[in-house]
Amino acid sequence: MIFIDACLKKPTPYTPVWMMRQAGRYLPEYMRVRAAAGDFLSLCKDYKKASEVTIQPVEILGVDAAILFSDILVVPLEMGMDLKFVQGEGPVFSDPIKTKDDLDRLDVQKSIKNLDYVYDTIKLTRENLVQDKALIGFCGAPWTIATYMIEGGGTKTYAVSKKLLYSNPEFMHQILAKVTAALIGYMKEQIKAGVNAVQIFDSWAAALEDEAYFEFGWKYIMDIVDALKAEFPQIPVIVFPKGISGYLDKISGNFEVFGVDWSTPIELAKEKLSPKYVLQGNMEPTRLYSKEAIDAGVERILQTMKNAPHIFNLGHGILPDVPVENAKYFIKRVQEKSAR
C-alpha cells in the first residue's frame, strides 16, 4: 500500500494523496446515501451505508487511502451522553458535564462495546476496498472531544471549558483521563477490525496557550499513541493538532506522521519536524475552487517537500461546494506531478 509505505518512510512511486472529509457533501453520490439514511447519526450507525460512503472517494476520485466514515462524537454518545445534530447548529449535547456525578455516570467499557457499528463498517469496508488502498481509522483528541462534552456543543470561545481548566484543573484532568481511556479501547478495536493506520484529530488545539496545551491536550494524545504502539507497533499513527505552528519546537512522540494544517507554513513544519516525522498536508482547501490555484499550490508544496517524507492532503477538510471535477483534478495533479 503506497499510503502505508509513505507513513513508514519507504520509497513510493509518487506522493500519496487523500483528503480530510473526502467522504462528504461535495459528492452527489454521498448525498443520495445520506438522504436514504435519514439523518447524519443514522448514517454513522448504518454500517452498510457508512461503508459505502467510505469507499466512494476511492472509486470516484482515485485517492490513495479511504478514511472511515464516522464522527468523533460517537464516543461520548456511547459513553451515555445525549447527542443530536441540529440543522444550523451542529452537534448538541443536552446534558453537558458540569459535576463529578455527570462524569461518573459515563461508562467507558459500555462505549467501547456499543461502537460495534463502527467496527462492522471497518470490516465490511476492508472486505470491499481495493487491497492496495489503505483504510484509515480515526478518533478525536481528548481535549477536542472534552470541549463538546463540557460546552454542550461547538464554541468559538471555549469559555466554559477553559474556565474549568483553570479553576478546577483536577476535574478537567479526570474528564480527559476518562475520555482517553474510552478512546484507547475504541482505537484498539478499530485496529482489530482491520484499519491500516489511525489519525487523531485535535481540531481545537489552538484554543489553548502552549503550557496548557501540553498539559491538557498533547499529553493525552501521547497516552493514546503509546497505548496503541505498545500493542500494535506496526500500525502507523498520524496526529493532527490544528493551529499550533507556534509550538512546533516542543513536538515529540512515538508517532509516524504529523498533519500540518493550512495556516502553518509547510516550510516551517519541515524545518522543525522533518525528516524525523512524515509530514501530511497542507494545501489550503479553498484552492480547490480554481484549477490554476490547485496547480500553484500543488507545485509549491511538492517543491518544498522534495526529497523529504510527505503525504499530500488538504490543510483541513474539503468544503461542501467544491466541484467534484476540481477534486478529481487535484488528486490527479498530485499523483502525476510527484511521479518519480
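## Overall size and form

Let's start with the whole chain. A compact globule of 340 residues would have a radius of gyration near 20 Å, and the protein chain, at 19 Å, agrees with that. Keep in mind that this is a predicted model. Along its principal axes, the C-alpha trace spans about 55 × 45 × 40 Å.

## How the chain is built

If you look for regular elements, you will find 15 helices and 9 strands in the protein chain. Contacts reach across the sequence too: among those between residues at least 6 apart, 73% join residues at least 24 apart.

## Inside and surface

How much of the chain counts as buried? Of the 340 residues, the share is 59%. The accessible surface of the protein chain comes to about 13800 Å², and carbon and sulfur atoms hold 50% of it.

Charges are worth a look as well. The protein chain carries 40 positive and 43 negative side chains, and the centres of these two sets lie 3 Å apart.

## A closer look at Val-108

Now let's zoom in on one residue. Val-108 sits in helix H7, which covers residues 108-114. Is Val-108 buried or exposed? Its relative accessible area is 15%, and buried means under 20%, so Val-108 is buried.

Which residues does Val-108 touch, leaving aside those up to four places away in sequence? They are Met-79, Lys-178, Ala-181 and Ala-182. Phe-85 offers another distance to check in the structure: Phe-85 is 23 residues from Val-108 along the chain, and their C-alpha atoms are separated by 22 Å.

Methods. Residues are numbered from 1 along each chain as its sequence is written. This is a predicted model: local features need pLDDT of at least 70, side-chain atom pairs count only at pLDDT 80 or more; totals for chains, interfaces and linings use all residues. Side-chain values use heavy atoms; hydrogens and water are left out. Helices (H or I, at least four residues) and strands (E, at least two) are DSSP runs, numbered from the N terminus. Buried means under 20% relative accessible area, exposed over 50%, partly exposed in between (1.4 Å probe, protein chains only). Contact means heavy atoms within 4.5 Å. The radius of gyration is taken over C-alpha atoms; the globule rule is 2.2 Å times the number of residues to the power 0.38. Accessible areas come from the Shrake-Rupley method with a 1.4 Å probe; for residues, only the protein chains shown count as cover. Lys and Arg count as positive and Asp and Glu as negative; His and the chain ends are not counted. The place of a charge is taken as NZ of Lys, CZ of Arg, CG of Asp or CD of Glu.
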